[in-house]
Amino acid sequence: MTDSTPSPSGSAPPRRSRPKRRIFLESRYQKLVRGLPQTIFYCPECKGDRRRRKGCKHCDGFGKLYKDSVQELLGRRLLPAFKAKFGKFHGAGREDVDVRMLGRGRPFVYEIVEPRVFDVDLEAVVEEFHRRDGERVRIDAFERVEKPRVAVLKDAAYEKVYRAEVGFDGDVDAAKLTALVGQKFTAAQRTPQRVAHRRGDLERLRDVEVLAVDEIEARGCEIEIRCQHGTYVKEWISGDDGRTEPSLAGLVGVGAQCVALDVLEILDRPQQ
Ligand SMILES: [Zn+2]
C-alpha cells in the first residue's frame, strides 16, 4: 500500500502526489460494555501483519485480540457511506478495554481518508449505527470540523470522574473508608508494572479527590473519585506494590484491587 508508484531508476524525481482529501467528523461516544477496545487491538506478536499472522499462535491467525473496537464499529457505517477505504480514529484519550465510558461520553474525531462521496446524510448514519451497535456504543450527532481539532483533542488534559468497584483482601474498617470522602491526595505514581514495558519507568504526580464511598461491605465498596488527567486509577486503588503512594490500599491499611471501573464523566467543560 503505497501512495505513489516508484519512478524508474535514474529518471526525474518522483511526482509529488496530490494531498489526500479528508473529512473530519467530531462526536462523543459512550461505551456501555466492557471488553471493547477503543481502537483496533492488533496482536502484539504478529502486529496483525497479513503474512506474519498466519500461523501466529498468540491470536490464532486472527491478527487482532478483539473482534471489534469503537473505531471499527464506526468505520463499518461511515466508510461505506463516504465510499472510502480507510478511516482514522482520534480520541481525547482512551480508557482501558475493560472500562466503560459513561456520562456524556468521550470526545473524538473520526477522519475519513479519500472519500469519494461528500454529501452524506450523517443523521441516517448515526441512526443506522445505533440500530446495529447501539447496545454497545452510543454516539452524538456528527459535526464536521477541520483538521486542527484532532490536535486539540489529542492534547487535551481533562479531569475525569471514575466509579470503581473495589475488592479488599481482608476486612476493611468502614469508618476509615467514609473518612476519605472529600479528601484530596496528590499521588506519586511510578509507571505501572502492567505498562512499564511499553512506556519506560517514570514518576508523576496526580491529584485524586474522593467524592463518595458507597456499598460498603466487609471486603468491598464502590468509590467515586475525581482524577487529574493521566491518573492510573487501578494503581491508585491497589498501590501497585508500593509504586503509587498514597493509595487506597495504603490509606485503609488493607490490600485492595479494582474489580470494575467506569469513567463517569470527562470534565471538558465547566460543570454546573
Ligand atoms: Zn498474532
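These legends accompany several close-up views of a predicted model.

**Figure 1. The whole protein, before we zoom in.**
Let us start with the overall picture of this predicted model. The protein contains seven helices and eleven strands. Its C-alpha trace spans about 75 × 40 × 35 Å along the principal axes. Of the 272 residues in the protein, 28% are buried. Among contacts with a separation of 6 or more, 69% are between residues 24 or more positions apart.

**Figure 2. Two domains and the place where they touch.**
The domain assignment divides the protein into domain 1 (22–155) and domain 2 (159–267). Taken over C-alpha atoms, the centres of domain 1 and domain 2 are separated by 29 Å. Contact between them involves nine residues of domain 1 and six residues of domain 2. On the side of domain 1 that touches domain 2, the residues comprise four nonpolar, one polar and four charged.

**Figure 3. Helix α1, its length and its bend.**
Helix α1 covers residues 70–82. Its 13 residues, at 1.5 Å a residue, should span 18 Å, and the end C-alpha atoms are indeed 18 Å apart, so the expected and modelled values agree. Look along the helix for R76, where α1 bends by about 35°. A proline, P80, follows R76 within four residues. Just past the end of α1, please notice K83, which takes a positive phi of about 45°.

**Figure 4. The buried residues of α1 and what they pack against.**
Here we stay with α1 and turn to its buried residues, which are V70, Q71, E72, L74, G75, L78 and F82. Which elements do the buried residues of α1 pack against? Their partners include three strands that can be picked out by residue range, β1 (22–31), β2 (86–91) and β3 (99–113). The buried residues of α1 also pack against helix α2 (122–133) and strand β4 (137–139).

**Figure 5. Strand β11 between β3 and β6.**
Strand β11 (residues 256–267) pairs with β3 and also with β6. With β3, β11 runs parallel, and three bridges join the two strands. One pair to find in this view is V99, which stands opposite L261 in β11. With strand β6 (residues 159–168), β11 runs antiparallel, and ten bridges join them. Two pairs help to trace this second partnership: K160 has I266 of β11 as its bridge partner, and V166 stands opposite C258 in β11.

**Figure 6. Strand β6 and its pairing with β9.**
Is β6 mostly covered or mostly uncovered? Seven of the ten residues of β6 are buried, which leaves the strand mostly covered. Besides its ten bridges to β11, β6 pairs with strand β9 (residues 220–227) in the antiparallel sense, over eight bridges. To get your bearings, find G167, which stands opposite G220 in β9.

**Figure 7. A174 in helix α4.**
Our last stop is A174, which lies in helix α4 (residues 174–178). Why does A174 count as partly exposed? Inside 10 Å, A174 has 14 C-beta neighbours; a residue is buried with 20 or more and exposed with 12 or fewer, so a count in between makes it partly exposed. A218 is also worth locating in this view. A174 and A218 are 44 residues apart in sequence, yet their C-alpha atoms are 7.8 Å apart in space.

Note on methods
Residues numbered from 1 in each chain as written. Predicted model: local features only at pLDDT ≥ 70, side-chain atom pairs only at ≥ 80, totals over all residues. Expected span 1.5 Å × (residues − 1). Bend = angle between axes of the 7 residues up to and from the residue. Contact = placed C-beta atoms within 7 Å. Pairing = 2+ DSSP bridges. Domains from an automatic or database assignment. Nonpolar A, V, L, I, M, F, W, Y, C, P; charged D, E, K, R; others polar.
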